[in-house]
Structure formats: C-alpha cells, structure tokens
Amino acid sequence: MWREIGGREAGKIRPNSFVNRIKSDRISSLQLSNHKEIVSPHRGSVNSLQVDLTEGRYLLSGASDSSAAVYDVQRATDYEGGGLIAKHKCIFSVDKQHEHGHKYAVSSAIWYPIDTGLFITGSYDHYIKVWDTNTTQVVMNFKMPGKVHRTAMSPLATSHMLIAAGTEDVQVRLCDIHSGAFSHTLSGHRDGIMTVEWSTSSEWVLITGGCDGAIRFWDIRRAGCFLLLDQSRSQLGRRPPLLDHSVQNKVSVLKAVSASQNLHAKPKPPHRKSANGHAVKESYIGRIPAKGSTRQRLHPGMLSTLDRATAHYGAVTGLKITDDGMYLLSAGSDSRIRLWDVESGCNTLVNFETARLQTSKAIQLATNHNSALAFVPCMTTVKAFDIWSGKTSLTLRGHYESVNCCWFNSQDQELYTGGNDRKILAWSPARLISKDMDVPSQDQDDWSD
C-alpha cells in the first residue's frame, strides 16, 4: 500500500487509479471480521440482504421466520473485548407477531432506492408489503398469485415507482407504489420466476430468470420480451474494444455521406419476365421480407418452436448485472455460472471453476465496486470469482450451513452474508498490521524496557 501512496504523492498514479488499487488490495484481504459482529434476531434462515443505496449505512435482512430487521453497520450498539469488538444489534424488526406482519417466510427484502423511508418485503404468504421505516407500519399491500421468490426496484428510475415481482406464477407482475395497483404483467415464461433484476443502464429494462431455464429481457414500455438468452449462442471473452475517436468520426462521416447519397437515388423495384417475355414490375408487397422481419411478422402461436432457448439446464436461481450494465452474471440449478454480453446476448464462455450451488431456492449474488469479482454462495462457503477468467480468487468459510445471500458494501469494502444457520456474517479487509509498518528497533528497545 505504501508504494501506491508514494506513487500518488509523486504524481505517477492518477487519482481514480489510486482509489481502485487501494480498494482492490482491501478486497483481496477480505476475512471474517474480528472487530464487527452483526447480532441477528432471526430464528430462521436468512434469505435476503441489502444495504441502502443512499447512505450505505443501514443493512436490511429478511428471514424464514417471517421477520425482517434493520441494522446500523456504521454505528455499533455495544462493545465487547475491551472495546475491540463492535456489536451491531438490530434497530428494529418486524415479525409474525406484528399486526400486519407476514405469516410465512420472507424471501426478499429490499430498500426503496431513493431513501430509507420505505422498504419492501416479499413472502411465501403470497403478499408483497411496503413498510414505513419510521413507524414500522404497512402502508401498502399487493396480493400475488403464488409464493414470492424475489422482488426488485430500479435504482435508476425517475419516471416510475414499480416493484418487479417474481413468483410461482408464469407471469412477471409490476406493482406500482404510486397507484397501489398492478401496472401490468409480462408473459413469456413457461414456469415460475425465481429471480428478477433491473438493468443498471436503463430504467425501462427488466431481466427475469425462471424455473424453465430461460433468461428474458423486457422493455416494460411494450409487450413481449425483446431478448431471450441462448447458451448455444456464444462469443469468446469480452466484446472488442471501442474504436478511437478519430477512427470513429471518420466512420460516422462516411456513413452520413453514403446515407445522403442513398436518399437522392430512388430504389427501383426488380423486374421479372412474364410468360410472353415482357418485363413486369414486381410489387414490394409480394416480396418476402428479411429473416429478422419474418420472425416479427409471424403469428404469436407460431413462435412457440422458436422461443424455447434456455440459458441453463434447470432453473435460473440468481442474476446480477454489472454496474455498467454491459454484462450479466447468472447462476442455475445445474450448478453452472455464466457471464453474458448484454448487447449481443451471447454467452462469453468464461469457464468458472467447479462450484456446488443450491438448487431448491433463489440465491443472491454480488459484485465488487468495479465488477471485477463476483461473490457467489456455494453451499456453506462464499467464493469470489474473477469475472473474466472464472478462477477462484477467494474462498470465505464461516457459515455452518448453506449460504443464501450476500451483499457487497462498496463504501466500506465489506461483504455481508446470510445463511441457513441464522447468522449474518461480516467480512472485512484485514486491518493494517506491523508488517506494513516497520517499527524502529530503538522504539522496540524502549518498549521492552
């Protein structure tokens, strides 16, 4: 670390590069925190975790005992070990004893993206509830047709207040907080929806993964999905780098010139000869359109054979899109992890090392600040994979039973994980120790005396 500090002082390292290096060094030393403990009030498996997107301070959890809890991860409620261990107890919790609490397991708990005044929970009791954080009262209820597996809200949205819900039903439902009713439904999956994820580059794009093994991209402003991922369509590695500005400008100028020339020239319809040998003009109406337009013009009932592509051999249990919105990480009940290029819809063929994943329920994936590492719950461990090589960078062991969810707090470079052992563990970078700071021998002699 001192080398990076010296390079920054000398002006050899740019500020952004310096920050990224320091954060990467901290993440590479993640370990079970010996100075922070999250005291979980849950009596069932922890299914969902999220730190608020505004302050990066409040951790929200949902568990199988029908409860949800909020913790302050920056200010401890108590200390142990002579002040060395900070204990973070929940600020408040809501459970089935609450007047309007859930009756069955809470499968999803998320913050309202704009502030911490609201949070949303989804449960196996077929309800999605919107809670007022200050009064811990339910302000809105949405009755769903089946168990709720996952809920999500867009972090970019300025034009809508929609909650995307993945349930046992084959339709994705969008719940509008503004009106208190369902906005509309998205049809296309052939089995229940296990996971939903909003794009980080557009507030209108929603990504869903179902028990039918399909991953679909939806533009919620129109009917039908516009992209269906197919594991057989692939490209090797990252997409090609962008052209230089000079080359890009030349290409755009050439395209503009060719387009203007094409506007002045009227297209002539092709001629064909009749039986008597005379030329006859062929109408554009009778021409067969291109392959792409043929697919669009087909009757919806005829698309069934063309619409069965799968991203996994089994249910899609987890989705996580990168911060730039260019790549999508998916996990399935086939114990496969895949990285997809969002623009082309291709499988990048990154060979992630062998990992055992849960198959019976949705799992929550996480990525670090620059999306270079992917944190994946792998039974009783959490593995950090290099997103481009697929190699395991870290293996975090601390849970006694299967891990269900993880959330990376980019503000503090900390990872929070929850599992079937009812625990919420905090993983922090190793603190600065003596090997990074050489203590002069004279001082050591003084201390020994």
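The side chains of His-189 and Asp-212 are joined by a polar contact of 3.4 Å. The model in front of you is predicted, and the exercises below start from this histidine.

**Exercise 1. Describe the surroundings of His-189, from its place in the chain to its contacts.**

Step 1: Find the element. His-189 sits in the loop between β15 (181-186) and β16.

Step 2: Check the accessibility. The relative accessible area of His-189 is 5%, and the cut-off for buried is under 20%, so this loop residue counts as buried.

Step 3: Look for polar partners. Besides the contact with Asp-212 at 3.4 Å, the side chain of His-189 makes a polar contact of 2.7 Å with the side chain of Thr-208.

Step 4: Widen the view to other contacts, leaving aside neighbours within four places in sequence. Among the residues that His-189 then touches are Val-170, Val-172, Gly-209, Gly-210 and Trp-218.

**Exercise 2. Is Asp-334 buried or exposed, and which residues does Asp-334 touch?**

Step 1: Asp-334 belongs to the loop between β23 (327-332) and β24 (337-341).

Step 2: Compare its accessibility with the cut-off. A relative accessible area of 18% is under 20%, and therefore Asp-334 is buried.

Step 3: Follow the side chain. One polar contact, of 3.2 Å, runs to the side chain of His-312. The side chain of Asp-334 also reaches a backbone atom, the nitrogen of Arg-336, at 3.2 Å.

Step 4: Set aside residues up to four places away in sequence. Asp-334 then touches His-312 and Tyr-313.

**Exercise 3. Which residues does Gly-146 meet in space, beyond its neighbours in sequence?**

Step 1: Place the residue in the loop between β11 (137-143) and β12.

Step 2: Gly-146 has 1% relative accessibility, which means that this glycine is buried, the cut-off being under 20%.

Step 3: Take one C-alpha to C-alpha distance. Gly-146 and His-126 are 20 residues apart in sequence, and their C-alpha atoms are 5.1 Å apart.

Step 4: Complete the list. With neighbours within four places left aside, Gly-146 is in contact with His-126, Thr-167 and Glu-168.

**Exercise 4. Work out how strand β31 (residues 414-419) is covered and paired.**

Step 1: Count the buried residues. Six of the six residues of β31 are buried.

Step 2: Split the strand by side. Glu-414, Tyr-416 and Gly-418 point one way, Leu-415, Thr-417 and Gly-419 point the other way, and all are buried.

Step 3: Pair β31 with β30. These strands run antiparallel and share six bridges, with Gly-419 as the bridge partner of Val-403. Four residues lie between the two strands of this hairpin, where Gln-413 takes a positive phi near 55 degrees.

Step 4: Pair β31 with β32 (residues 424-429). Four bridges join these strands, again in antiparallel fashion, and Gly-418 has Ile-424 as its bridge partner. This hairpin too has four residues between its strands, and here Arg-422 takes a positive phi near 70 degrees.

**Exercise 5. What is the strand order in the open sheet that contains β27, and how do the strands β2 and β7 run relative to each other?**

Step 1: Recall the principle. Strands of a sheet pair through backbone hydrogen bonds, either parallel or antiparallel.

Step 2: Read the order. Four strands form the open sheet β26-β27-β28-β29, with antiparallel pairing. Its edge strands are β26 and β29 (392-397), each pairing on one side only.

Step 3: Zoom in on an edge. Two bridges join β26 to β27 (residues 373-378), and Thr-367 stands opposite Ala-374.

Step 4: Turn to β2 (residues 36-39). Four bridges join β2 to β7 (residues 85-94), and these strands run parallel; Glu-37 stands opposite Lys-87.

Step 5: Look at the faces of β2. Lys-36 and Ile-38 point to one face and are buried, whereas Glu-37 and Val-39 point to the other and are not.

**Exercise 6. Characterise the largest pocket by volume, lining and residue class.**

Step 1: The volume is about 950 Å³.

Step 2: There are 39 lining residues, and those nearest the centre of the pocket are Gln-50, Leu-53, Glu-197, Lys-320 and Trp-407.

Step 3: Assign elements. Strands that each supply at least two lining residues include β3 (46-51), β16 (193-198), β22 (316-321) and β30 (403-409).

Step 4: Sort by class. The lining has 19 nonpolar, 15 polar and five charged residues.

Note on methods
Residues numbered from 1 in each chain as written. Predicted model: local features only at pLDDT ≥ 70, side-chain atom pairs only at ≥ 80, totals over all residues. Heavy atoms only, no water. 1 Å grid on protein atoms, 1.4 Å probe; cavity = no way out; pocket = protein on both sides within 12 Å on 5 of 7 lines; lining within 4 Å. Points joined across faces, edges and corners; volume = space filled by probe spheres on them. Nonpolar A, V, L, I, M, F, W, Y, C, P; charged D, E, K, R; others polar. Buried < 20%, exposed > 50% of the residue type's maximum accessible area, 1.4 Å probe, protein only. Polar contact = N/O pair within 3.5 Å; in protein donor to acceptor, adjacent residues only side chain to side chain. Contact = heavy atoms within 4.5 Å. Pairing = 2+ DSSP bridges.
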